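Visitor: I would like to learn how to read helices and the way they pack. Where do we start?

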Amino acid sequence: MHVIVGLGNPGAEYTHTRHNIGFRVADALAVAISGKFAFQKKINAEVVHTETPASPAEEVYILKPLTFMNKSGESVRALYQYFGGGKPTPEVLQKLFVVVDDLDIPIGKFKIQLAKGPKVHNGLTSLYQQLGSNGFFHIRIGIENRGVNRSAWPGDRYVLSKFTSAEEDILKQVIPQVVQELLKQTRIR
């Protein structure tokens, strides 16, 4: 079972904020595979469920937790308990891809790394606590664009700010690149 989680905050006021880039990638991935999100009450998340044509038994879940960012791990843990038979093993976790915003990476760049996240990210901290491991793929999308004024705009406020129109133009190129990488890594189609 492959699981792709886009982290973000629920609610219209967060839709175009930097912290919700994970939701945006999940939405774009769902469109790319013609999937449709459905609310799953037992895991408190919107979920797309599909099977890959290369292996009909290989299920794929795309997840947008409807908890706030700091409690994202609860939905991911619940998904594994409800659909995956319990706490995921290290081998199972290597098929988990979590898409997050990253203040350590400039806007327009991204990294995909196993077991390596940003220095501080409360959504990831929640996942580490709930899963007991960081041994999954971190898709870290750069949102940093404050220039030399980083101290004038603290990170906790900056991540909740909306992207500028120029930054949105950059994201129109980056998000499809991330989606293509996820399609390649998980062989969804």
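Guide: We start with a definition: a residue counts as buried when its relative accessible area is under 20%. The model here is predicted. In helix 2, the buried residues are Ser72, Gly73, Ser75, Val76, Ala78, Leu79 and Tyr80.

Visitor: Which residues of helix 1 are buried?

Guide: Ile21, Gly22, Phe23, Arg24, Val25, Ala26, Leu29 and Ala30 are the buried ones.

Visitor: Why do residues three or four places apart point the same way?

Guide: An α-helix has 3.6 residues a turn, so residues at that spacing point the same way.

Visitor: How do I check the length of a helix?

Guide: Compare its span with the one expected at 1.5 Å a residue. Helix 1 has twelve residues, and from its first C-alpha to its last it reaches 16 Å, close to the expected 16 Å. Helix 2, residues 72–83, also has twelve residues. Its reach between first and last C-alpha is 17 Å, close to the 16 Å expected.

Visitor: What follows each of these helices?

Guide: After helix 1 comes Ser34, with a positive phi near 60 degrees. Just after helix 2, Gly85 has a positive phi of about 85 degrees.

Visitor: How are two packed helices described?

Guide: By the angle between their axes and the distance between the axes. Take helix 1 (residues 21–32) and helix 6 (residues 165–186): their axes come within 9 Å and cross at roughly 60 degrees. Helix 1 and helix 6 are therefore oblique to each other. Their crossing is right-handed.

Visitor: Which residues make that contact?

Guide: Helix 1 contributes Ile21, Arg24, Val25, Ala28, Leu29 and Ala32. From helix 6 come Glu168, Leu171, Ile175, Val178, Val179, Leu182 and Leu183. Sorted by type, the residues of this contact are eleven nonpolar, no polar and two charged.

Visitor: At what angle do helix 2 and helix 4 cross?

Guide: Roughly 40 degrees, with the axes coming within 7 Å; helix 4 covers residues 122–131. That angle makes helix 2 oblique to helix 4. This crossing, too, is right-handed.

Visitor: Which residues meet there?

Guide: On helix 2 they are Ser72, Gly73, Glu74, Val76, Arg77 and Tyr80. On helix 4 they are Gly123, Ser126, Leu127, Gln130 and Leu131.

Visitor: How many residues of this contact are nonpolar, polar and charged?

Guide: Four are nonpolar, five are polar and two are charged.

How values were computed
Residues numbered from 1 in each chain as written. Predicted model: local features only at pLDDT ≥ 70, side-chain atom pairs only at ≥ 80, totals over all residues. Heavy atoms only, no water. Axes fitted to C-alpha atoms, helices over the stretch in contact; angles between N-to-C directions. Helix = DSSP H or I, 4+ residues; strand = E, 2+ residues; numbered from the N terminus. Parallel < 35°, antiparallel > 145°, perpendicular 65-115°, else oblique. Left-handed = near helix turned anticlockwise from the far one by under 90°. Contact = heavy atoms within 4.5 Å. Nonpolar A, V, L, I, M, F, W, Y, C, P; charged D, E, K, R; others polar. Expected span 1.5 Å × (residues − 1). Buried < 20%, exposed > 50% of the residue type's maximum accessible area, 1.4 Å probe, protein only.
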